[in-house]
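The following exercises invite the reader to examine a protein model step by step. Each task is followed by a worked solution.

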Amino acid sequence: MPYTEDREAWTKGQGLWEHIPVETWNDWGWQLKNRLTKVEQLEQFMTLTPEEKQGCYFANSKLALAITPYFFNLIDRNDPNCPIRRQVIPRGEEMTIAPEELLDPVGEDEHMKVPGLVHRYPDRVLFLVTDRCAAYCRYCTRSRLVSNAQDYNFHPEYEQGLRYIESHPEVRDVLLSGGDPLLLADRKLDHLLGRLRAIKHVEFIRIGSRIPVFLPQRITPELCTILKKHGPIWMSIHVNHPKECTQELKDACDRLSYAGVPLGNQSVLLKGVNDDADVMKALVHRLLRMRVRPYYLYQCDLITGSAHLRTSVQKGIDIIRSLRGHTTGYGIPQFVIDAPGGGGKIPINPDYVEKVDEDEIVLRNYEGERFTYPLKPGKGAPVSEPYTYET
Ligand SMILES: *Cc1c(COP(=O)(O)O)cnc(C)c1O
């Protein structure tokens, strides 16, 4: 059945927690304290499938189970195939590990110069400043270290990372990630951003965060003041499905935008979540309405126990083809594979070139029509009169 969305409506509300005072609901500390982290808590509100129940029992030995009340409300509890549910409720399938799957699927560890600092590209670094998130995505690329369920023993201690950046003048771009950097207390974040800004060669600072999606209450005016003070700070958020684009997320994006934070989105292509052209189109339209520019669409990494969430690369290419030309160019993310073994992000594009030789390039447009662009300069003839325009 094709996906249709109500283009006017923005979901909002306390849902199952309607009895809580609104100030309490909007307190991000309350949201964190009241996360659903146990199978018994989930079962208070919904009937889990046997697959999910099994997943919950061993989640804490792989990647912690945690869902904020705010995000839990977005789940359709009557639909076992709900796209929100698939992202955060563990499944027994997570414990089946295919031979091609890896604990460190994009080879970060081999580029880790000091604990938490990945220097893979010439001019920029990935700086992991915490191992905690507001809620845990079941397909987490860093499940080996995030939530520390696997005893990976990652202790974010960012002094060493800062010293590395200070002593490497080629680093002009620092990407804060984790875990979720916006879980750090305001004071800590203020200090960290101040330290980075004080490094002359650091030109570009960005934060990768799913907090606006899991915990929009965290985007307080005080946090926005800090981001503004150290700005420009760019931010990549992580929205996978149009149902995540609520009034609360929109308001949080407004606050960030007004604080001068340019926003991008990184989606992961997930089976049964967003591997559908109509869903993806609705998503990018919602993002544009929130001033968020779709940045990357990732082929799901070969993370251990993620086979049930992965779909074919062809599906991703087909989705991009269904967007290009058919809708706003600003809405089209770059589809990438983060190559196993540490190859980095590699773009994958639909092929619009039918033929190219010395004489011409033959192209297909988004409607499948053929066009030719000549490549050989023809022999020119001088015009005898200057150009005039008839009036
Ligand atoms: C994704 C990533 C970056 C940033 O890459 P961009 O293409 O500039 O967004 C930097 N370092 C690492 C290790 C990454 O995985």
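## Exercise 1: Phe71 and the nonpolar cores

Task: List the contacts of Phe71 outside its close sequence neighbours, and place the residue in a core.

Solution. Once neighbours within four places in sequence are set aside, Phe71 is in contact with Ile84, Val88, Val213, Phe214 and Glu244. The model in which these contacts are found is a predicted one. The next step is to look at the largest nonpolar core, which has 93 residues. Phe71 is among the residues with the most contacts inside this core, together with Phe127, Ile165, Val174, Leu176, Leu227 and Met235. Domain 1 (15-95) and domain 2 (109-347) each supply at least three residues to this core. Another core lies apart from it and has 13 residues, including Leu63, Met112, Leu126 and Tyr136.

## Exercise 2: The setting of Ile211

Task: Determine whether Ile211 is buried or exposed, and state which residues Ile211 touches.

Solution. Begin with the location: Ile211 is found in helix 9, which covers residues 211-214. Its relative accessibility is 0%. Buried means under 20% relative accessible area, and therefore Ile211 counts as buried. Leaving out residues up to four places away in sequence, Ile211 touches Ala134, Asp180, Leu182, Leu183, Pro216, Arg218 and Ile219. As a last step, compare sequence and space: Ile211 and Pro262 are 51 residues apart in sequence, and their C-alpha atoms are 16 Å apart.

## Exercise 3: Salt bridges

Task: Find the salt-bridge partner of Lys229 and explain which parts of the chain the pair ties together.

Solution. Lys229 forms a salt bridge with Asp190, and their closest N and O atoms are 3.0 Å apart. Lys229 lies in helix 10 (residues 221-229), whereas Asp190 lies in helix 8 (residues 186-197), so the pair ties together parts that are 39 residues apart in sequence. Lys229 is exposed, at a relative accessible area of 55%, while Asp190 is partly exposed at 22%.

Further pairs may be treated in the same manner. Arg132 forms a salt bridge with Asp131, with 3.0 Å between the closest N and O atoms. Here Arg132 is partly exposed, at 39% relative accessible area, and Asp131 is buried, at 8%. Asp357 pairs with Lys355, the closest N and O atoms being 3.5 Å apart. Asp357 is partly exposed at 34%, and Lys355 is likewise partly exposed, at 37%. Salt bridges that share partners also join Asp104, Glu108, Asp109, Arg142 and Arg144 into one network. A search of the whole structure finds 29 salt bridges.

## Exercise 4: Domains and a surface patch

Task: Name the domains of the chain, then describe the nonpolar surface patch that includes Val353.

Solution. The domain assignment gives domain 1 (15-95), domain 2 (109-347) and domain 3 (351-391). The centres of domain 2 and domain 3, taken over C-alpha atoms, are separated by 41 Å. Val353 lies in strand 11, which covers residues 353-356. At 35% relative accessibility, Val353 counts as partly exposed. Val353 joins Val356, Tyr373 and Leu375 in a nonpolar patch on the surface. Together, these four residues have about 370 Å² of accessible area.

Methods: Residues are numbered from 1 along each chain as its sequence is written. This is a predicted model: local features need pLDDT of at least 70, side-chain atom pairs count only at pLDDT 80 or more; totals for chains, interfaces and linings use all residues. Side-chain values use heavy atoms; hydrogens and water are left out. Patches are made of residues with over 30% relative accessible area and no salt bridge: like charges are joined within 9 Å, nonpolar side chains (Val, Leu, Ile, Met, Phe, Trp, Tyr) within 5 Å. Accessible areas come from the Shrake-Rupley method with a 1.4 Å probe; for residues, only the protein chains shown count as cover. A salt bridge is a side-chain nitrogen of Lys or Arg within 4 Å of a carboxyl oxygen of Asp or Glu. Helices (H or I, at least four residues) and strands (E, at least two) are DSSP runs, numbered from the N terminus. Buried means under 20% relative accessible area, exposed over 50%, partly exposed in between (1.4 Å probe, protein chains only). Domain bounds come from an automatic or database domain assignment. A nonpolar core is a set of buried Ala, Val, Leu, Ile, Met, Phe, Trp, Tyr and Cys residues joined through side-chain atoms within 4.5 Å. Contact means heavy atoms within 4.5 Å.
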